[in-house]
Amino acid sequence: MRFSDLDLVQSVPMRSWRALTEIDTVAFLHVDLEGRIQHANAGVARVLGYRPEEIIGRELEMLLPEAARSDHAQFFSGYVRGRVAGEVRRSPIVRRTRHFPRSRAGNRSGELRFSAMHRDGHEVPISLTVNEVRTRAAELTGFVGLIVDCTEQQVLQDRIHRQALYDEATGLLNWRGLHEVAVDIDRDRRRSGSDGAFSLLHIAVDHFSSLAFNCKAVADHALKVTARWLGRRVEVASLPGVSHLARAPGETQFLIYLAGCGPAGALELAEALRRDFRAINLGTEVEPFQTSLSIGVASPRPGMTLDYAMSRAAHACQQAQLHGHDRVVCLDPRDVEVYELGLVIRQAMQCDRIEIHAQRLVPLHPSSDAGRDRGISFEVLCRLADRGGVVQEPSRVFPAAEKLGLSLQLDLHVIGLVLDTLERHSDVHDEIAICSINLSGLSLSSQQLLAGIHRLMADRSVSPGKLCFEITESARLSDHETALRNVLGLRDLGCRIALDDFGSGYSNFQSLTNWPIDIVKIDGSYVRRLLDGGAMTVDVEGMVASARARGVRIVAEYVENEAVTTALRRMGVSYAQGFHFHRGERLTQLLADIGRLRSSQG
């Protein structure tokens, strides 16, 4: 467009136009509807390094970063077509000033990047102001734009950004910086189809306070030495994915974020760091100071937040320090589920989401046992559901309850549910020989157990002689004396005691001698392999002989076929329990069936 045609320009008055073309501190461009540069002022040379004649007649995209050229060309042509046709009524750019990106990490999909390419090849952060050029008849003929070099603002912003994300003393990422890096990595990995798994090491320098007490300057130097040493080790570590070192909120604590690395790799790195750090001198040549590292390792499940992993790794590190320093404590991935399960357990007890099921114990020699145990025997099993109705695996629920101190509360709650169910079916009490209920080792070790069971049975008509409490041979007994007193107290009450998982613990036959036991339940691992012969058969025969010699009845668990049943009967096992006889059902259903059977027999 020639200056003599200025009467066609409605958006830019003549004086303003002439001033813009003469100014040399701001780049001024006029672009036609084809995206070709029709005019450029002297400011283009200062901002972008081009002389005006070098760019006039060429496409605007030559001034953009190569990665943005194709997208811009599409955007520009689409906007012009829509604007001319009246389909586009508002532009995200026209009559607005847009500035350079706040982050150099890259633009998100669909966003324009306000930066331009200098003639020498480097990228220039800019602010851009665009306006349309129209005739007096409002016909769109092109665009004018003002480009301002924002390099100084970008440098200042980068400095502020660095201060916010990096630790001043060590130059490492701080917690906020690591969090941003981790979020970006997680987003990229998920876009590429990865599961987003990661591990986190929380590292504490042991006994650092004694060094800081003597001289702060030496302590500051030691902190930098540690940071540099850890940084080099992270760089050379042969681990999958990417690794980042950061300074933790603690004074002498560090974090290593390992994206795509599982617990095995993280533990290997942690052990190597712990082993080699002891040779590092953090003091001076005159007064050397060598110490150790306590390291906590967390490898949470995919989808767990970095904040959660941070708390778990910090907890593991604290455990390492509490147990004597100079050690690595690895957070078992299953421990991540424990606290979630704790909430599920509490809610299940509060909201009545625990169902009581039962599996029958079938006598293998009815004639010999009939005189002592007339009726039906069964073990009660609880099924606990979360708020979505999903039943939780007992193998996960009960260990979590023990770890969180919920065992006694859960056991007493289940005993109460069982007694309530039996109370509602009091008409079949005479048909019940044994109702077996499990007790955890921690519950058995509690001084409140016996009083709790007394309280539950006080207002119910269930005979204590119908109840048998199962204790696991390998259970965690925090107080053996209290556990023994509770067993004796339950026996005095009239209840029976069964030793569950017999053969799984180290004490086996000593348990029969030291505990007042009525029933032993042979561990399923022996029963499943009973037909293999050899030592397995000999072991089971020894268990049966020892129990029978003491007048203790024997139950074989996990009996799944007739061949195993025949072998157990030949050995003299009293009862069989397993899917071959009964797959289990709700206790209410079992008791109802017993009632119907009784009625049918008159």
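Okay, let's start with some vocabulary: when I compare two axes, angles under 35 degrees count as roughly parallel, over 145 as roughly antiparallel, 65 to 115 as roughly perpendicular, and the rest as oblique. The axes are lines fitted to C-alpha atoms, for helices over the stretch in contact, and the angles run from 0 to 180 degrees between N-to-C directions.

Bear in mind that this is a predicted model, where local features need pLDDT of at least 70 and side-chain atom pairs count only at pLDDT 80 or more, while totals for chains, interfaces and linings use all residues. Residues are numbered from 1 along each chain as its sequence is written, and side-chain values use heavy atoms, with hydrogens and water left out.

So, the overview. The protein has 22 helices and 21 strands; those are DSSP runs numbered from the N terminus, H or I over at least four residues for a helix and E over at least two for a strand. Of its 602 residues, 48% are buried, and buried here is under 20% relative accessible area, with exposed over 50% and partly exposed in between, using a 1.4 Å probe and protein chains only. About 30,700 Å² of the protein is exposed, and 49% of that comes from carbon and sulfur atoms; the areas are Shrake-Rupley, again with a 1.4 Å probe, and for residues only the protein chains shown count as cover. Then contacts, meaning heavy atoms within 4.5 Å: if you take those between residues at least 6 apart in sequence, 66% join residues at least 24 apart.

Now, helix pairs. How do α16 and α17 sit relative to each other? Their axes, from residues 449–458 and 480–493, come within 9 Å and cross at roughly 25°, so the two helices are roughly parallel. On the α16 side, the contact uses L449, L450, I453, H454 and M457, and α17 brings N486, G489, L490 and L493. By class that is six nonpolar, three polar and no charged residues. For the classes, Ala, Val, Leu, Ile, Met, Phe, Trp, Tyr, Cys and Pro are nonpolar, Asp, Glu, Lys and Arg are charged, and the others, Gly among them, are polar.

Next pair: α5 (residues 151–165) packs on α6 (residues 175–191) at about 105°, with the axes 6 Å apart. That makes α5 roughly perpendicular to α6. H161, A164 and L165 of α5 meet R176, G177 and E180 of α6, and the split is two nonpolar, two polar and two charged.

Finally, three residues to click on. V564 is in helix α21, residues 562–571, and is buried at 5% relative accessible area. Skipping neighbours within four places in sequence, V564 touches V527, L530, L531 and V559. A576 is twelve residues from V564 in sequence, and 9.8 Å away, C-alpha to C-alpha.

What about T252, buried or exposed? T252 is in the loop between β8 (243–247) and β9 (253–259), and T252 is buried, at 12%. Apart from neighbours within four places, T252 contacts I203, A204, V205, F208 and L223.

Last one, M117 in strand β4, residues 115–117. M117 is buried too, with a relative accessible area of 16%. Again leaving out neighbours within four places, the contacts of M117 are L48, Y50, L63, L64, P65, H122 and E123. The C-alpha atoms of M117 and E66 are 8.4 Å apart, with the two positions 51 residues apart along the chain numbering.
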